[in-house]
Amino acid sequence: MNNQNSMTDEKLIQFYLNGDPNALATLVELYKDRVYRSIYTIVQDRYAAEEIFHEVFIRIIDNLMAGKNAEEGNFLQWAMKIAYGLCVDHARRSRLTVVLENGDLKRTTAESAVPATKTGTSYHESHGKLKSLIDMLPDEQREVMVLNHYAGMSFREIADTMQCSLNTALDTMRFGLTNLRKMMTEKEIVLQ
């Protein structure tokens, strides 16, 4: 196969199913950064993000071998849908912790630490401030923002991934942006 990078996702999948392992390697190479960034932004843990990232592609291979394929050849959307589901599973597992308090076992939810922000004008400081504010949003709002901004997914793709309506995805983004503005005003943060 000569130029795999110019082929459609659907053709690359077909080549992989016909025995060409380089076709899947090409798909992974094309989308690995966007998939990993989205996972990491949701889970906020490098080790967990790497595990989930690998699991995404294991599941894709398992699905391909079982005859299941990306709808309409949209490999990125398929990978992101799997990644999103794995991130949700990870969040559910990691939120519930068991604590020994006065000799009794108690279940509690883990609280995420909110990093303090300080004023500055560099791009990286502004990006860090915005990222810490996004991390403080409710889960669904944060996930829609991550899928849109970091994964570059359209709202239609986000709705399919999150299994909600297009209007719900759009409303969730709108509420997230409103909450971001409120937090920026409360903390007197100006992004440069």
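The following paragraphs describe the fold, confidence and selected local features of a predicted model. Residues are numbered from 1 along each chain as its sequence is written. Local features require pLDDT of at least 70 and side-chain atom pairs pLDDT 80 or more, whereas totals for chains, interfaces and linings use all residues, and side-chain values rest on heavy atoms, without hydrogens or water.

The mean pLDDT (the predictor's confidence in each residue, from 0 to 100) of the chain is 76, and 75% of the residues score at least 70. Over residues 96-121, pLDDT stays under 50; the model has 31 contacts (heavy atoms within 4.5 Å) beyond four places in sequence for this segment.

Eight helices and two strands (DSSP runs of H or I, at least four residues, and of E, at least two, numbered from the N terminus) make up the secondary structure, in the order α-α-α-α-β-β-α-α-α-α. Of the contacts between residues at least 6 apart in sequence, 53% join residues at least 24 apart. Buried residues (under 20% relative accessible area, 1.4 Å probe, protein chains only) account for 38% of the 192 residues.

Helix H2 spans residues 21-43 and has a kink of about 55° centred on Tyr31 (angle between axes fitted to the seven residues ending there and the seven starting there). Tyr31 is among the buried residues of H2, which also include Leu24, Leu27, Val35 and Ile39. At the N-terminal end, Asp20 caps H2 through a side-chain oxygen 3.0 Å from the backbone nitrogen of Asn22. Gln44, with a positive phi near 60°, follows H2.

Definitions and conventions:
Buried means under 20% relative accessible area, exposed over 50%, partly exposed in between (1.4 Å probe, protein chains only). A polar contact is a pair of N or O atoms within 3.5 Å; within protein, one must be able to donate a hydrogen and the other to accept it, and residues adjacent in sequence count only if both atoms are side-chain atoms.
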